[in-house]
Amino acid sequence: MAEDPRLALLEYCRETGTTYGTEDFSVFLYSYVKMSKPERVVELGTGVGTCALMIAQALKENGKGSLFSVDDGSHWGNLQHHPVIERLRGGTPVEAQLFFARLAKQLEVDAFVQFARHRVPPLPSFELPLDILFSDFDHSPDGILTLLRHYLPQMAPVSSIFIDSASTHLPSCLLLEALCREFNQGTMPASMLVGTKADRAEKLRHFIAGHQFQLIHMVENKDREQNSTAWIKIQPRDFVPHPLVKMH
Ligand SMILES: C[S@@+](CC[C@H](N)C(=O)[O-])C[C@H]1O[C@@H](n2cnc3c(N)ncnc32)[C@H](O)[C@@H]1O
């Protein structure tokens, strides 16, 4: 690994990023975090840590914010044999979260990221609003409904939800198109409220009524499976883009 921690981080992400096809998307997230300066970022599915480390580096350069990345470790049995990971752990078996915590320390981004072992369901909940949510473990239509039902009321007024692979999975792509169309009319389908208690349903209705939802399908021009990310960009209902800055 390079001596300069920033170069070492880039090297790690370049070498491991192709495992889940996030070698370029992680760079996009790095830039987006630098531009949008979030306080709270959540990642569901750490994988080999490519996006988590790039986000943590961007938060460090911003001088604020934190990333909470969860994973149930179900892929770790295989991932730990990636040549780069094997080299770094020196042949000694180590739990995924401990490996990433040590790596983050070595790369000097540990103050900006926390790795937790957690199996979804249940989806973790947060007291303070989330600026960026990156879901990278389930892009099924049911998974998307559950995700949005749970997190929309927890999102900040100006925020983003990224769902890996959803844009190139036809049922999920069509579901997202239909949902965002309804949300933008201030309504939602009954399936959004399945199993939802009255107070949460009210929060969901309130959030949807006050916000607009821009759906962006980010499709990578590469010949491989699962080549996309669906980006739901959220902001208060307005005719100008948020966050509000000086217009010219
Ligand atoms: C596609 S990978 C994540 C890739 C990563 N975000 C990146 O930057 O490349 C999906 C991860 O989700 C984890 N996972 C799968 N099902 C899960 C579940 N039910 N709860 C928590 N984590 C899960 C797997 O262990 C795997 O590491």
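How many bridges join β6 to strand β7, and do the two run parallel or antiparallel? Keep that in mind as you go through these close-ups of a predicted model.

**Figure 1. The pairing of β6 and β7.**
Here's the reply to the opening question: β6 and β7 are joined by nine bridges, and the two strands run antiparallel. β7 covers residues 228-236. To find one matched pair, look for Q214, whose bridge partner in β7 is K233. Helix α8 (residues 170-184) packs on the sheet here and touches both β6 and β7. The direction of α8 makes about 160 degrees with that of β6. A bit of background helps: strands of a sheet pair through backbone hydrogen bonds, either parallel or antiparallel.

**Figure 2. The open sheet, strand by strand.**
Step across the sheet and you meet its seven strands in the order β3-β2-β1-β4-β5-β7-β6. The sheet is open, and its pairing is mixed. At the edges sit β3 (113-117) and β6 (211-219), each of which pairs on one side only. From one strand to the next, the twist averages 15 degrees.

**Figure 3. Strand β1 and its partner β2.**
Now zoom in on β1, which spans residues 40-44. This strand is mostly covered, with four of its five residues buried. β1 pairs with β2 in the parallel sense, over five bridges. For a landmark, try L44, which stands opposite V70 in β2.

**Figure 4. The shell around the ligand.**
Which residues come nearest to the ligand? Out of 19 residues around the ligand, the nearest are T22, G45, G47, C51 and H75. Two elements give two or more residues to this shell: α3 (50-62) and β2 (66-71). Sorted by class, the shell has five nonpolar, nine polar and five charged residues.

**Figure 5. Helix α7 against helix α8.**
Two packed helices are described by the angle between their axes and the distance between the axes. For α7 (residues 141-151) and α8, the axes come within 9 Å and cross at roughly 35 degrees. On the α7 side, P141, I144 and L148 make the contact; on the α8 side, P171, S172, L175, L176 and L179 do. By class, that's seven nonpolar residues, one polar and no charged ones. An α-helix has 3.6 residues a turn, so residues three or four places apart point the same way.

**Figure 6. What covers α7.**
Stay with α7 and pick out its buried residues: I144, L147, L148, R149 and Y151. What lies over them? The cover includes β4 (130-135), β5 (155-164), α8 and α9 (198-210).

**Figure 7. A8 and a far-off partner in sequence.**
A8 has its place in helix α1 (residues 5-16). Is A8 exposed, buried or in between? A8 has 17 C-beta neighbours inside 10 Å, so this residue counts as partly exposed. Leaving aside neighbours within four places in sequence, A8 is in contact with M1, A2 and L107. Although A8 and L107 are 99 residues apart along the chain, their C-alpha atoms are separated by 6.9 Å.

**Figure 8. Stepping back to the chain.**
Zoom out, and the chain has nine helices and seven strands. Its radius of gyration is 18 Å, close to the 18 Å that the globule rule gives for 248 residues, so the chain is as compact as a globular protein of that length. Of those 248 residues, 37% count as buried. Among contacts with a separation of 6 or more, residues 24 or more positions apart account for 73%.

Notes
Residues numbered from 1 in each chain as written. Predicted model: local features only at pLDDT ≥ 70, side-chain atom pairs only at ≥ 80, totals over all residues. Pairing = 2+ DSSP bridges. Axes fitted to C-alpha atoms, helices over the stretch in contact; angles between N-to-C directions. Contact = placed C-beta atoms within 7 Å. Near = placed C-beta within 6 Å. Nonpolar A, V, L, I, M, F, W, Y, C, P; charged D, E, K, R; others polar. Rg over C-alpha atoms; globule rule 2.2 N^0.38 Å. Buried ≥ 20, exposed ≤ 12 C-beta atoms within 10 Å, placed from the backbone.
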